[in-house]
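Biologist: I would like a close look at a single part of this structure, the place where the metal ions are held, together with the strands around it. Please go through it slowly, since I am new to reading models like this one.

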Amino acid sequence: DAKSGGKGKLRFFDPQMQEVVSQRLRLQEDLVRGIDAEEFVPYFQPQFDYHGNIIGAEALVRWYHPKRGVLAPGAFIDVADEAGLMNCIDRMVLQYACRKMAEWADIPAFSSFTLSVNISAARLYQPEFITDVLNIFEQTGVDPARIKLEITESMLLNDMPMAIQRMQTLKQYGVRFAIDDFGTGYSSLLYLQQLPLDQLKIDQSFVRALPDDDNSLNIIKAIVAMAHSLRLEVIAEGVETEAQRQLLHLHGCQHYQGYLLARPKPAEQLEAWLEQQLFSDQLSTL
Ligand code: C2E
Ligand code: MG
Ligand code: MG
Ligand code: MG
C-alpha cells in the first residue's frame, strides 16, 4: 500500500509526475533519433558595429523536427544536456558552421566576418574535444581565425586549469573565444585575465532592462570598463530597440546583436540578405 512505499515511491506513482518523466524519456529517445538523422542545423544571427556594418554572426542551433517543425534550443537543450547529448549536437553545429564559413570566405559580403559558435560544458571537457575540433577545421578547410567559440562563466568553474589549457591550445590555431551571457555568473578580473579571451557578450537581461533600469546600466558600464581594461571586444546581445542601442553606444559598447538589427535566419537567407545589403549599400553610394 501507499504508506509502506514511503515518500519517494508515492511521488513516483503520482500520475502527473510520471507523465513528466515519460515525456522527458520520449524526448530523449527522439533526440537520439534526431542526432542520428542529423536534424540539428544552426540558424545564423548577424552582428553589427556602430556604423551598421556586419562584423559576424552567431550560429544558433535549430532542430528541424520532421513532425514538430523547427524547434529552438529552449524546447530540448535541458533534456539533451541531462542525457549527455549536447556534445553530439555541438559537434554537428560546429561542423555545419565551419563548412558554411569556408564557403563564405571568398565572398566579398563576408570579408571581415567571424562566426561565433556556442559550446556546452560537456563539449569543452570532452577528452577528444581538441582533436575533434581540429579535424573539423581540416575537413571543412575553414580558417580557424574566422571561428569564435562562446563559453559561459559557469562552465569555467568545473575545472579552470583544464578549460584554460584547452582554450590556449585552440588559440594557437587562431581560434577566438567569447564569454557568453557575461555578468550573470561569478567573474573576477583575476581569472578573466588568465583566459585567452577576445570578447565579452553582455547578457541580454541587462540590455532588456534599458533604458529605464539604472542598476542594469551600471552593470553594463562596469562590464564595458572591464572589457576595455582587459583589451577585449564587447558586444551586447538582445538589442531590441534603438534607444537601447544608443545608450549602449553612449557607454562605449560598439557591437550589437539583436532583433532590432536582424533575427537568426537559415544560412541561405543570411547569404541572400547579405548580398542585398551589399547591393543597397552600393546603390546608396552612387
Ligand atoms: P545565447 O547563446 O545567449 O544566444 C542568444 C539567444 O537570444 C538566442 O536564442 C537568440 O535567438 C536570442 N536573441 C537574439 N536576439 C534577441 C533579441 O533581440 N531579443 C530576444 N528576446 N532574444 C534574442 P536561441 O537561439 O533560442 O538560443 C538560446 C540559447 O541556447 C543560446 O543562448 C545558447 O545558450 C544555447 N544554444 C544555442 N545554440 C547552441 C549550440 O549550438 N550549442 C550549445 N551548447 N548551446 C546553444
Ligand atoms: Mg551565445
Ligand atoms: Mg547569451
Ligand atoms: Mg544563453
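Modeller: What follows is a walk through the metal site of this predicted model, then through the strands that carry it, and finally through some of the surroundings.

Let us begin with the magnesium ion (ligand 2), whose protein donors are Glu58 (OE), Asn118 (OD1), Glu150 (OE) and Asp180 (OD), at 2.0 to 2.3 Å from the ion. If you follow these donor residues along the sequence, you find them spaced as E-x59-N-x31-E-x29-D. Glutamate 58 belongs to strand β2 (residues 54-65) and aspartate 180 to strand β6 (residues 176-182), so this pair, 122 residues apart, links distant parts of the chain.

The magnesium ion (ligand 3) has as its protein donors Asp180 (OD), Asp181 (OD) and Glu237, the last listed with two OE entries, and these lie 1.9 to 2.8 Å from the ion. Here the donor residues follow the spacing D-D-x55-E in the sequence. Aspartate 180 appears in the donor lists of both ions, and it bridges the magnesium ion (ligand 2) and the magnesium ion (ligand 3), which are 4.3 Å apart.

How buried or exposed are the residues that hold the ions? Glutamate 58 has a relative accessibility of 2% and therefore counts as buried, and aspartate 180, with a relative accessible area of 8%, is buried as well. Aspartate 181, on the other hand, has a relative accessible area of 25% and is partly exposed, because the cut-off for buried is under 20%.

Now turn to the strands, which show how donors from separate stretches of the chain come to one place. Strand β2 pairs with β4 in the parallel sense over 4 bridges, and within this pairing alanine 59 has valine 117 of β4 as its bridge partner. Strand β4 (residues 114-118) is in turn joined by 4 bridges to strand β5 (residues 147-152), and these two also run parallel. In this second pairing the bridge partner of asparagine 118 is glutamate 150 in β5, and both asparagine 118 and glutamate 150 are donors of the magnesium ion (ligand 2). Going one step further, β5 is joined to β6 by 5 bridges, again in a parallel arrangement, with leucine 149 standing opposite phenylalanine 177 in β6.

It helps to keep a general point in mind when you look at neighbouring residues in these strands. In a regular strand the side chains alternate between the two faces of the sheet.

The strands themselves are mostly covered: in β4, 4 of the 5 residues are buried, and in β5 this holds for 5 of the 6 residues. Alanine 57, which lies in strand β2, is buried with a relative accessible area of 0%.

Part of this burial can be placed in a wider picture. The largest nonpolar core has 83 residues, and those with the most contacts inside it include Leu149, Phe113 and Ile89. Helix α4 (residues 86-104) gives the most to this core, with 10 residues. Leu149 is the leucine that stands opposite phenylalanine 177, so to speak a place where the strands and the core can be looked at together.Finally, consider the charged side chains. The structure holds 14 salt bridges, one of which joins the side chains of lysine 100 and glutamate 103 at 3.3 Å, N to O. Lysine 100 and glutamate 103 are 3 residues apart in helix α4, which means that about one helical turn separates them. Lysine 100, at 14% relative accessibility, counts as buried, whereas glutamate 103, at 44%, counts as partly exposed. In another salt bridge the side chains of arginine 245 and glutamate 242 meet at 2.9 Å, N to O, and this pair is 3 residues apart in helix α12 (residues 242-250). Arginine 245 counts as buried at 14% relative accessibility, while glutamate 242 counts as partly exposed at 34%. Salt bridges that share partners also join Glu58, Glu150, Lys201 and Glu237 into one network, which brings us back to the metal site, where Glu58 and Glu150 are donors of the magnesium ion (ligand 2) and Glu237 is a donor of the magnesium ion (ligand 3).

Notes: Residues numbered from 1 in each chain as written. Chains lettered and ligands numbered in written order. Predicted model: local features only at pLDDT ≥ 70, side-chain atom pairs only at ≥ 80, totals over all residues. Heavy atoms only, no water. Donors = N, O, S within 2.8 Å, 3.2 Å for Na, K, Ca; no water. Buried < 20%, exposed > 50% of the residue type's maximum accessible area, 1.4 Å probe, protein only. Core = buried A, V, L, I, M, F, W, Y, C linked by side-chain atoms within 4.5 Å. Pairing = 2+ DSSP bridges. Salt bridge = Lys/Arg side-chain N within 4 Å of Asp/Glu carboxyl O.
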